[in-house]
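Please work through the exercises below with the sequence and the structure side by side, trying each task before reading its solution.

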Amino acid sequence: PGHGIQITHGDFAGRLLIPYHISGSSTAWYSDDHGVTWLSSSPVGLGNESEIAEVGGAGALVMVVRPNHPVAQPHDPLNALFSFSIDGGITWTEAAANEDLKTSICMASLVGFEDSLFYSYPDDYYSRANMSISISDDSGQSYPEKLLIYSGPSGYSDLGVLSNGDLLLL
């Protein structure tokens with residue numbers, strides 16, 4: 001799962017971004033010439049299996065990052081990691097935990113639509129279960145609204161939005 005984005009607003013409208021990780025750190029490739037040439041952004045810190053979304057109308061970006069922790073090893077409760085960019089994905093803040101969102105060490109998905117940000121993930125600290133969608137209306141700072149989609153086993157997900165505004169979850 002996972003997808004890249006094309007920025008639609010602000011000074012970097014048209015830029016393509018593809019999240020990736022290298023040497024244990026998430027970052028992004030970006031292109032301003034329709035994919036002919038690609039540059040690498042600054043790393044966001046430890047993490048992998050990242051996803052990027054545009055938030056709000058000014059072209060700000062948010063990246064969710066899966067914590068680098070072996071799935072089979074015991075661990076304390078972990079929260080989803082987020083990083084932000086205001087320069088079109090060239091630089092990112094260091095990834096930091098969001099206490100609103102549990103993670104079972106599993107890739108999550110992120111998509112922006114109008115002024116909201118939607119985040120899909122297994123809402124559990126230890127097992128890949130309870131597929132949920134949380135909603136942020138403050139550019140990804142908090143996720144007060146949560147919808148349980150499926151309480152059984154669930155893991156990797158990908159979100160999309162149709163042109164009519166319907167939200168898709170795979």
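The two exercises that follow concern strands and their pairing in this predicted model.

**Exercise 1.** Determine in what order the strands of the open sheet that contains β9 are arranged, and which strands lie at its edges.

*Solution.* Begin with the overall arrangement: four strands make up an open sheet, their order is β9-β10-β11-β12, and their pairing is antiparallel. Next, look for strands that pair on one side only, a condition met by the edge strands β9, residues 109-113, and β12, residues 145-153. From one strand to the next, the twist averages 15°. Finally, turn to one pair within the sheet, where β9 is joined to β10, residues 116-122, by five bridges in the antiparallel sense, and where L110 stands opposite Y119 of β10.

**Exercise 2.** Find which strands pair with β6, and decide whether β6 is largely enclosed or open.

*Solution.* Start with strand β5, residues 48-55, which pairs with β6 in the antiparallel sense over six bridges; here V55 has A60 in β6 as its bridge partner. The hairpin of β5 and β6 has four residues between the strands, and in this hairpin G56 takes a positive phi near 70°. Then move to strand β7, residues 78-85, which runs antiparallel to β6 and is joined to it by five bridges, with V65 standing opposite L81 in β7. For the last step, recall that a residue is buried when its relative accessible area is under 20%. In β6, which spans residues 60-66, six of the seven residues are buried, and therefore the strand is largely enclosed by the rest of the structure.

Note on methods:
Residues numbered from 1 in each chain as written. Predicted model: local features only at pLDDT ≥ 70, side-chain atom pairs only at ≥ 80, totals over all residues. Heavy atoms only, no water. Pairing = 2+ DSSP bridges. Helix = DSSP H or I, 4+ residues; strand = E, 2+ residues; numbered from the N terminus. Axes fitted to C-alpha atoms, helices over the stretch in contact; angles between N-to-C directions. Buried < 20%, exposed > 50% of the residue type's maximum accessible area, 1.4 Å probe, protein only.
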